[in-house]
Amino acid sequence: MGKFFIIFFLYHLFRAFFIGVTTPPVEGDSLAYHIPIAQEMWNGGLFHPKDILHFYPSVGEAILSIFYLFHIPANIFNVVGTILLFLATRILGKQSGLKNELPTIFAVAVCLLPITLRWINTQVIDVWLAIFFVWSLVLLQKPKKSAKYYLLLGTSLGLLIGIKNSGPVFAALLLVVYWEKIKRYLQPKNVFNFAIPVSILGIFWYVRNVFLVGNPLYPQAVLGLKGAPNWDILKWRVGEIAIWYPDKIFNALISEYMVWSIAVIVPLIFIRYVHDNSDIRKLLLIGYANLLFFLFLPTSPEYSIIVSSFRYAYPMIIPLMLVTFFILQRIKKEKIIMLLSLANRSEEHTSE
């Protein structure tokens, strides 16, 4: 059965690759700022952002700039990202206790979620945020005392922090949940090895903004710090939309996660099956902590914006899907996993 899922995954991958090498970028956010940031980054844009939106942390755009440097079609940016996400989630699934073919099925299920397929031929950076989040999870589950380990952990968390304004909170929640596992190896040398890549890849973007405009999260006003003039977009929060427009939230949830929307509630219903597994308990805690944070992220009452906002929640849905897989494996319902994964196959998704 695992081979069938791989074949299905490869079909979507090759289709997206063909589209990527034969079509130009057309998605709105990509044209508005992801691509311009990438194109201007090494022409002065790194230290002198040329537009309000160019003040965003730009690790993702730095990666995209490599595509432009080597004349690689920009529309396969997220095709490459999806391949890396598959590899990372498969490792995470296997390391977390999924057996036999389930790590592969889990990885394919994540990579063929509508939130992945919808953006696969664009330059939005959320798939890459998911990669760095999962990579950090893999490292934090198995801490080591070596200098190499702390360099890798600092790199993965630095990339997570530096890819999007939500990254620092996702990184902080990971460190809080896994603190007991990593603190035993904290030595001055390891702290230094960790801090260098975190600072260069992650903290740099926020320090840059403080020096340039006095606000690390510019153009967003925060904690009394001035944002960009007339910057009043996305004043709503996901949680507010859930209260005032629950039907829109529910429809968007189904639209982006389809049958795997059940992963939001299944772990709570069957929580007794994870009490004796510390790794799964931590994944459960991370998933729901990230869900709580997701409710505070900005959105808008327009349905298309609400749907788009669900791509911010990779760090919520991936751990909760993994916990759901583990629970179904534990109660010997692997066939249900396969049926759900097959039922989640949908029509092709494209960005609007």
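This passage walks through a predicted model, from one helix and the core to the charged pairs and some unusual backbone angles. Local features rest on pLDDT of at least 70 and side-chain atom pairs on pLDDT 80 or more, while totals for chains, interfaces and linings use all residues. Residues are numbered from 1 along each chain as its sequence is written, and side-chain values use heavy atoms, with hydrogens and water left out.

Helix 4 (77–95) is a handy place to start. Helices here are DSSP runs of H or I with at least four residues, strands are runs of E with at least two, and both are numbered from the N terminus. Helix 4 has 19 residues and spans 27 Å from its first C-alpha to its last, close to the expected 27 Å; that expected span is 1.5 Å times one less than the number of residues. Quite a list of its residues is buried, including F77, V79, L85, F86 and L92. Buried means under 20% relative accessible area, exposed means over 50%, and partly exposed covers what lies in between (1.4 Å probe, protein chains only). The buried residues of helix 4 pack against helix 1 (2–22), helix 3, helix 5 (102–111), helix 6 (114–117), helix 7 (126–141) and helix 16 (314–330). After helix 4 comes G97, with a positive phi near 115°.

On the helix 1 side, F17 is a residue to look at. F17 counts as partly exposed, because its relative accessibility is 39%. Setting aside neighbours within four places in sequence, F17 touches I76 and V79, where contact means heavy atoms within 4.5 Å. The C-alpha atoms of F17 and N78 are 9.5 Å apart, although 61 residues separate the two along the chain.

L85 of helix 4 also turns up in the largest nonpolar core, which has 107 residues. A nonpolar core is a set of buried Ala, Val, Leu, Ile, Met, Phe, Trp, Tyr and Cys residues joined through side-chain atoms within 4.5 Å. L85, F132, L160, L174, I318, M321 and F325 touch the most other members of this core. Leaving out neighbours within four places in sequence, F325 is in contact with L98, L102, I105, F106, A109, W260, I337 and S341. In soluble globular proteins, nonpolar side chains tend to be buried together.

Some nonpolar side chains sit at the surface instead: I66, L69, F70 and I72 make a nonpolar patch of about 400 Å². Patches consist of residues with over 30% relative accessible area and no salt bridge, with like charges joined within 9 Å and nonpolar side chains (Val, Leu, Ile, Met, Phe, Trp, Tyr) within 5 Å. The areas come from the Shrake-Rupley method with a 1.4 Å probe, and for residues only the protein chains shown count as cover. F70 belongs to the loop between helix 3 (59–69) and helix 4, and F70 counts as exposed because its relative accessible area is 56%.

Turning to charges, the structure holds seven salt bridges, each a side-chain nitrogen of Lys or Arg within 4 Å of a carboxyl oxygen of Asp or Glu. One of them joins K164 and D126 (2.5 Å, N to O). K164 is in the loop between helix 8 (147–163) and helix 9 (167–182) and D126 is in helix 7, so this pair ties together parts that are 38 residues apart in sequence. Both K164 and D126 are buried, and both belong to a salt-bridge network with D29 and R311.

Another salt bridge joins D276 and R330 (2.5 Å, N to O). This pair links distant parts of the chain, with D276 in the loop between helix 13 (266–269) and helix 14 (278–294) and R330 in helix 16, 54 residues apart. D276 is exposed at 56% relative accessible area, whereas R330 is partly exposed at 37%. E180 and K183 also meet in a salt bridge (3.2 Å, N to O), and K183 is partly exposed at 39%.

Finally, the backbone. Most residues other than glycine have a negative phi, and most peptide bonds are trans. N100, in the loop between helix 4 and helix 5, is not a glycine yet has a positive phi of about 55°; N100 is exposed at 77% relative accessibility. K332, in the loop between helix 16 and helix 17 (334–343), has a positive phi near 60° and is exposed at 68%. The peptide bond from Y218 to P219 is cis, with omega near 15°, and P219 lies in the loop between helix 10 (188–213) and strand 1 (236–237).
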